[in-house]
Amino acid sequence: MTKSTRWILTVAYDRPIEQIVADAAKAGLRDVQVMAEIGCITGTAPTVAVARLRRVRGVVDVAPDSPIDIGPPDADVT
Amino acid sequence: MASKRKKNAPNSANDAAILATDPDALLQAALASGGDGTQTGRYIVSYREGAVDDGLKSLKTQGLRVCDARDFATQAASLQDAGDADAMVLPEIGVAVVTGAAGKSQGMGVTTELEADSPIEAIEPDYFMFAYGDANEYLRGFASAVNAIAREFGPGVAPGLEEEDVEAEVLGATWGLVRCRVSPSLRNGLGIKVAVLDTGMDLGHPDFANRVITSKTFVGQPVSDLHGHGTHCTGTALGPKAPPGSTPRYGIAWGSRIFTGKVLTNTGSGTMAGVLAGMNWAIASRCEVISMSLGAQIPVQVAYTNSGAAALRNGCLIVAAAGNAASSTGAPANSPTIMSVAALDKTLVPSNFSNFGKVEIAAPGRDVFSSWKRPARYNTISGTSMATPHVAGCAALWAQTNATLRGMNLWRRLQATARRLPFPASKVGAGLVQAPA
């Protein structure tokens, strides 16, 4: 069972984002969220799909989603 | 307009100063006239690309005597060479420096309405510039001389008592607001939209009863802040002018519209994807200021940098916390397109937890009093998370002063007007953020 991770795709502005999304879906990206204003697409895909995603025309960078934690309410410093 | 001008007259207001007047004399005069010593009194006119010669023609047509840097070999012209000309044009960078007197006679002002076909892109006041980084003995001596002059000409203050201590008692505001000179500011951020991307907001908090709050969640939980952090940061940036009872004022831009983006859950966690979604929304909403008191100790992320660039292109400024690991700045603050904020203690020393390296500016981050989720309603906590909304609030006030102060222009203005501190830029950036007059 291939593990599915959420990926952050940064895209260039010289290709309509819908086309990039379509190609990324073909390359295996699911649960896609499109953020046109900032040129980002996020979605889940197995790690083996990343190489294909990187080759999609218009994709500038593919990075794994990463966690952020500011700590609980009673943290010393936040 | 044949007025007699005294050459190098440090005792008169700087309107009478000529371009050749040296900076030290200008600074003395600025302080002597009761100002805060940040503006020289001159104007910096920026021309649109390719329009500098039109601008030059326009100045001459209006009867100003203009000195052109092109008249000097390799354009090696200094203001001292301009003598008593009314303006000096620097064609390579499309800028003209205009004396206070000449500028005022042309009706120049920072709020001047510029016509669409004007060769002028912007008119800004000229500010004093000081070296920062490690101060040598000369600079320390100069700085103490300037302080001595300021004290002599400022309002009478009991010796041994810092002016700011008096203000804190009299004005009933948090130490952070006093240090950022928020209380004397005439601005409240009216007309400016400020987004706070955090754990949400306690929408029913009594201190925000008559505020317009536009909110959206990106974490699958309702916007209502059950953590407290988001409410605290929103309070510092946007809290009310007069909280109830004897509660000190803790918020800066009380006239701005609040945009709450919940990108962190009620336990304070989130992911980059959720944060990016919040950034996308804030930029699409054209929030002039976007405050992000969050991050992770990871290298620069392309997606954050891209978002920062999108923000600046759309007239939005993102300010983010440098981080609290006493290490190098984390993401998103480490992106070159995002303004990184370090934390200061009450003594204006960098807080021991504050990250360093890529830091653009600093603000109060120790024992900061602000709003909290009910029933507590208020809380005092520390972090670069607290410093960041101080910058966001001040940015909103600055944005209100001039419609050209957006994106990168606003970034530069905040740095140019910051209070210089005797610490390296890697710790405090340009210094302590200051509100506009």
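These legends go with several close-up views of a predicted model.

**View 1. Here is the open sheet of chain B, with its 7 strands paired in parallel.** Reading across the sheet, you meet the strands in the order S7-S8-S6-S10-S11-S12-S13. Notice that this isn't simply the order of the numbering: S6 of chain B sits between S8 and S10. Which strands are at the edges? Those are S7 (213-217) and S13 (361-364) of chain B, and each of them has a pairing partner on one side only. The sheet isn't flat like a tabletop either, since neighbouring strands are turned by 25° against each other on average, direction ignored.

**View 2. Now we zoom in on one edge of that sheet, where S7 of chain B pairs with S8 of chain B.** The two strands run parallel, and 5 bridges join them. S8 of chain B covers residues 257-262. To find your bearings, look for Ile213(B): it stands opposite Ile258(B) in S8(B).

**View 3. A helix lies across part of the sheet: H8 of chain B.** H8(B) spans residues 272-284. Which strands does H8(B) lie across? They are S6 (193-198), S7, S8 and S10 (289-292) of chain B. Compared with S6(B), the helix runs at about 170°. Keep H8(B) in mind, as it turns up again in View 5.

**View 4. This one is all about chain A, a chain of 78 residues.** How many helices and strands does chain A have? It has 2 helices and 5 strands. Follow chain A from the N terminus and the elements go β-α-β-β-α-β-β. Buried residues make up 36% of the chain. If you take the contacts in chain A with a separation of 6 or more, 62% of them are between residues 24 or more positions apart.

**View 5. Here the two chains meet, with 34 residues of chain B in contact with 24 residues of chain A.** On the chain B side, S9 (269-271), H8 and H9 (302-313) each supply at least two residues. H8(B) gives the largest share of that side, with 9 residues. What classes of residue does this side of chain B have? It has 17 nonpolar and 17 polar residues, and no charged ones.

**View 6. Last stop: strand pairing that crosses from chain A to chain B.** S5 of chain A (residues 67-69) is joined to S9(B) by 3 bridges. These two strands run antiparallel, whereas S7(B) and S8(B) in View 2 run parallel. Look for Ile68(A), which stands opposite Gly270(B) in S9(B).

Terms used
Residues numbered from 1 in each chain as written. Chains lettered and ligands numbered in written order. Predicted model: local features only at pLDDT ≥ 70, side-chain atom pairs only at ≥ 80, totals over all residues. Pairing = 2+ DSSP bridges. Helix = DSSP H or I, 4+ residues; strand = E, 2+ residues; numbered from the N terminus. Axes fitted to C-alpha atoms, helices over the stretch in contact; angles between N-to-C directions. Contact = placed C-beta atoms within 7 Å. Buried ≥ 20, exposed ≤ 12 C-beta atoms within 10 Å, placed from the backbone. Nonpolar A, V, L, I, M, F, W, Y, C, P; charged D, E, K, R; others polar.
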